[in-house]
Amino acid sequence: MARPTEEQEWVQSRIESWVETYKKSMLTPVILSAVAARQPATVAGIAADVASATGWTITERSLYRTLKRLQDAGFLHGAEVDAERTGAKRKNLSLTGVGSQFLAGINTSLVNLPDPDALGTTEGGHPLPHSG
(Lines give C-alpha, C1' and ligand atoms only; values in the text may rest on other atoms or scores of the structure.)
Protein backbone atom coordinates (compact mmCIF):
# COMPACT_ATOMS: atom_id res chain seq x y z
CA MET A 1 0.00 0.00 0.00
CA ALA A 2 1.34 3.42 -0.94
CA ARG A 3 2.29 5.87 1.76
CA PRO A 4 -0.20 8.77 2.01
CA THR A 5 0.89 12.13 0.68
CA GLU A 6 1.37 15.07 2.99
CA GLU A 7 -1.93 16.50 1.75
CA GLN A 8 -3.76 13.22 2.42
CA GLU A 9 -2.29 13.10 5.94
CA TRP A 10 -3.38 16.71 6.54
CA VAL A 11 -6.91 16.00 5.32
CA GLN A 12 -7.14 12.85 7.45
CA SER A 13 -6.04 14.79 10.53
CA ARG A 14 -8.72 17.45 9.85
CA ILE A 15 -11.35 14.72 9.50
CA GLU A 16 -10.29 13.09 12.77
CA SER A 17 -10.37 16.47 14.52
CA TRP A 18 -13.86 17.22 13.19
CA VAL A 19 -15.17 13.81 14.24
CA GLU A 20 -13.76 14.17 17.76
CA THR A 21 -15.29 17.64 18.06
CA TYR A 22 -18.78 16.64 16.90
CA LYS A 23 -18.98 12.96 17.89
CA LYS A 24 -20.56 13.69 21.27
CA SER A 25 -23.42 15.72 19.80
CA MET A 26 -23.95 13.28 16.94
CA LEU A 27 -24.08 10.35 19.35
CA THR A 28 -27.62 11.28 20.45
CA PRO A 29 -29.35 10.79 17.07
CA VAL A 30 -27.20 7.75 16.29
CA ILE A 31 -28.15 6.06 19.58
CA LEU A 32 -31.83 7.00 19.29
CA SER A 33 -31.89 5.63 15.73
CA ALA A 34 -30.25 2.38 16.88
CA VAL A 35 -32.84 1.99 19.65
CA ALA A 36 -35.68 2.76 17.24
CA ALA A 37 -34.45 0.08 14.83
CA ARG A 38 -34.12 -2.65 17.51
CA GLN A 39 -36.78 -1.89 20.13
CA PRO A 40 -36.31 -3.21 22.69
CA ALA A 41 -32.55 -2.68 22.39
CA THR A 42 -29.80 -3.98 24.61
CA VAL A 43 -26.76 -1.91 25.49
CA ALA A 44 -24.55 -4.40 23.61
CA GLY A 45 -26.78 -4.12 20.54
CA ILE A 46 -26.67 -0.34 20.66
CA ALA A 47 -22.88 -0.35 20.98
CA ALA A 48 -22.58 -2.69 17.97
CA ASP A 49 -24.97 -0.55 15.91
CA VAL A 50 -23.10 2.66 16.74
CA ALA A 51 -19.76 1.10 15.77
CA SER A 52 -21.22 -0.42 12.60
CA ALA A 53 -23.01 2.74 11.46
CA THR A 54 -20.24 5.21 12.27
CA GLY A 55 -16.96 3.39 12.65
CA TRP A 56 -16.54 5.19 15.97
CA THR A 57 -15.13 3.54 19.03
CA ILE A 58 -16.90 4.74 22.15
CA THR A 59 -16.09 3.69 25.65
CA GLU A 60 -18.59 1.73 27.70
CA ARG A 61 -18.56 4.59 30.22
CA SER A 62 -19.42 7.14 27.52
CA LEU A 63 -22.21 4.94 26.18
CA TYR A 64 -23.75 4.37 29.62
CA ARG A 65 -23.45 8.08 30.45
CA THR A 66 -25.21 9.03 27.20
CA LEU A 67 -27.94 6.41 27.72
CA LYS A 68 -28.56 7.71 31.25
CA ARG A 69 -28.76 11.28 29.96
CA LEU A 70 -31.29 10.22 27.30
CA GLN A 71 -33.35 8.34 29.91
CA ASP A 72 -33.24 11.33 32.29
CA ALA A 73 -34.42 13.57 29.43
CA GLY A 74 -37.40 11.25 28.90
CA PHE A 75 -36.31 10.05 25.43
CA LEU A 76 -35.63 6.43 26.45
CA HIS A 77 -37.37 3.98 28.71
CA GLY A 78 -35.34 1.24 30.36
CA ALA A 79 -36.77 -2.04 31.63
CA GLU A 80 -34.79 -4.55 33.70
CA VAL A 81 -35.15 -8.08 32.30
CA ASP A 82 -33.51 -11.43 32.98
CA ALA A 83 -30.98 -12.54 30.37
CA GLU A 84 -32.12 -15.75 28.66
CA ARG A 85 -29.27 -18.13 29.50
CA THR A 86 -27.82 -16.71 32.69
CA GLY A 87 -30.78 -15.01 34.33
CA ALA A 88 -28.55 -11.99 35.01
CA LYS A 89 -30.28 -8.64 34.94
CA ARG A 90 -29.89 -6.53 31.83
CA LYS A 91 -31.59 -3.42 30.61
CA ASN A 92 -33.77 -3.28 27.50
CA LEU A 93 -34.24 0.20 26.10
CA SER A 94 -36.98 1.61 23.93
CA LEU A 95 -37.95 5.05 22.67
CA THR A 96 -40.64 6.92 24.53
CA GLY A 97 -43.22 8.93 22.63
CA VAL A 98 -41.19 12.07 23.35
CA GLY A 99 -38.03 10.28 22.17
CA SER A 100 -39.72 9.35 18.90
CA GLN A 101 -40.83 12.94 18.37
CA PHE A 102 -37.35 14.23 19.23
CA LEU A 103 -35.67 11.82 16.79
CA ALA A 104 -38.14 12.73 14.04
CA GLY A 105 -37.41 16.42 14.64
CA ILE A 106 -33.67 15.86 14.44
CA ASN A 107 -34.03 13.79 11.27
CA THR A 108 -36.06 16.48 9.53
CA SER A 109 -33.47 19.10 10.52
CA LEU A 110 -30.43 17.22 9.23
CA VAL A 111 -28.98 18.38 5.95
CA ASN A 112 -28.21 15.62 3.49
CA LEU A 113 -25.73 16.80 0.91
CA PRO A 114 -26.11 15.42 -2.59
CA ASP A 115 -23.48 13.10 -3.97
CA PRO A 116 -20.88 15.29 -5.73
CA ASP A 117 -20.91 12.84 -8.66
CA ALA A 118 -24.59 13.56 -9.18
CA LEU A 119 -23.85 17.29 -9.44
CA GLY A 120 -21.36 16.93 -12.28
CA THR A 121 -17.77 17.39 -11.18
CA THR A 122 -14.37 16.83 -12.70
CA GLU A 123 -12.14 14.00 -11.52
CA GLY A 124 -10.46 16.40 -9.08
CA GLY A 125 -13.83 17.18 -7.50
CA HIS A 126 -14.10 20.62 -9.07
CA PRO A 127 -17.46 21.66 -10.55
CA LEU A 128 -17.84 21.35 -14.30
CA PRO A 129 -18.09 24.70 -16.06
CA HIS A 130 -21.63 25.81 -16.75
CA SER A 131 -22.61 26.27 -20.34
CA GLY A 132 -24.72 29.14 -21.41
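**Exercise 1. Which residues line the largest pocket?**

Solution.
Step 1. The model is predicted. Start with the lining of the largest pocket: E20, K23, K24, L27, T57, I58, S62, R65, T66 and R69.
Step 2. Assign elements. Helices α1 and α3 (60–72) each supply at least two residues of this lining.
Step 3. Sort by character. The lining divides into two nonpolar, three polar and five charged residues.
Step 4. Add the volume. The largest pocket holds about 210 Å³ of space.

**Exercise 2. Describe how α1 and α2 cross, and name the residues that meet.**

Solution.
Step 1. Two packed helices are described by the angle between their axes and the distance between the axes.
Step 2. Take both values. The axes of α1 (residues 6–38) and α2 (residues 43–54) come within 9 Å and cross at roughly 120°.
Step 3. Classify. Roughly perpendicular covers 65 to 115 degrees, and roughly antiparallel begins over 145. The two helices α1 and α2 are therefore oblique to each other.
Step 4. Give the hand. The crossing of α1 and α2 is right-handed.
Step 5. List the contact. From α1 come L27, V30, I31, A34, V35 and R38. They meet G45, I46, D49, V50 and T54 in α2.
Step 6. Sort the residues of this α1 and α2 contact. Seven are nonpolar, two polar and two charged.

**Exercise 3. Classify the packing of α1 against α3, and give the make-up of the contact.**

Solution.
Step 1. The angle between α1 and α3 is about 80°, and their axes lie 11 Å apart.
Step 2. The range for roughly perpendicular is 65 to 115 degrees. Helices α1 and α3 are therefore roughly perpendicular to each other.
Step 3. On the α1 side, the contact uses L27, T28, I31 and L32. On the α3 side are S62, L63, T66, L67, R69 and L70.
Step 4. The contact of α1 with α3 divides into six nonpolar, three polar and one charged residue.

**Exercise 4. Repeat the analysis for α2 and α3.**

Solution.
Step 1. Helices α2 and α3 pack at an angle of about 110°, with axes 11 Å apart.
Step 2. That makes α2 roughly perpendicular to α3.
Step 3. V43, I46 and A47 in α2 meet L63, Y64 and L67 in α3.
Step 4. The contact of α2 with α3 has six nonpolar residues, no polar and no charged.

**Exercise 5. Is the peptide bond from Q39 to P40 cis or trans?**

Solution.
Step 1. Most peptide bonds are trans.
Step 2. Check omega. For the bond from Q39 to P40, omega is near -10°, and the bond is cis.
Step 3. Place the residue. P40 lies in the loop between α1 and β1 (41–42).

Definitions and conventions. Residues numbered from 1 in each chain as written. Predicted model: local features only at pLDDT ≥ 70, side-chain atom pairs only at ≥ 80, totals over all residues. Heavy atoms only, no water. Axes fitted to C-alpha atoms, helices over the stretch in contact; angles between N-to-C directions. Helix = DSSP H or I, 4+ residues; strand = E, 2+ residues; numbered from the N terminus. Parallel < 35°, antiparallel > 145°, perpendicular 65-115°, else oblique. Left-handed = near helix turned anticlockwise from the far one by under 90°. Contact = heavy atoms within 4.5 Å. Nonpolar A, V, L, I, M, F, W, Y, C, P; charged D, E, K, R; others polar. 1 Å grid on protein atoms, 1.4 Å probe; cavity = no way out; pocket = protein on both sides within 12 Å on 5 of 7 lines; lining within 4 Å. Points joined across faces, edges and corners; volume = space filled by probe spheres on them.
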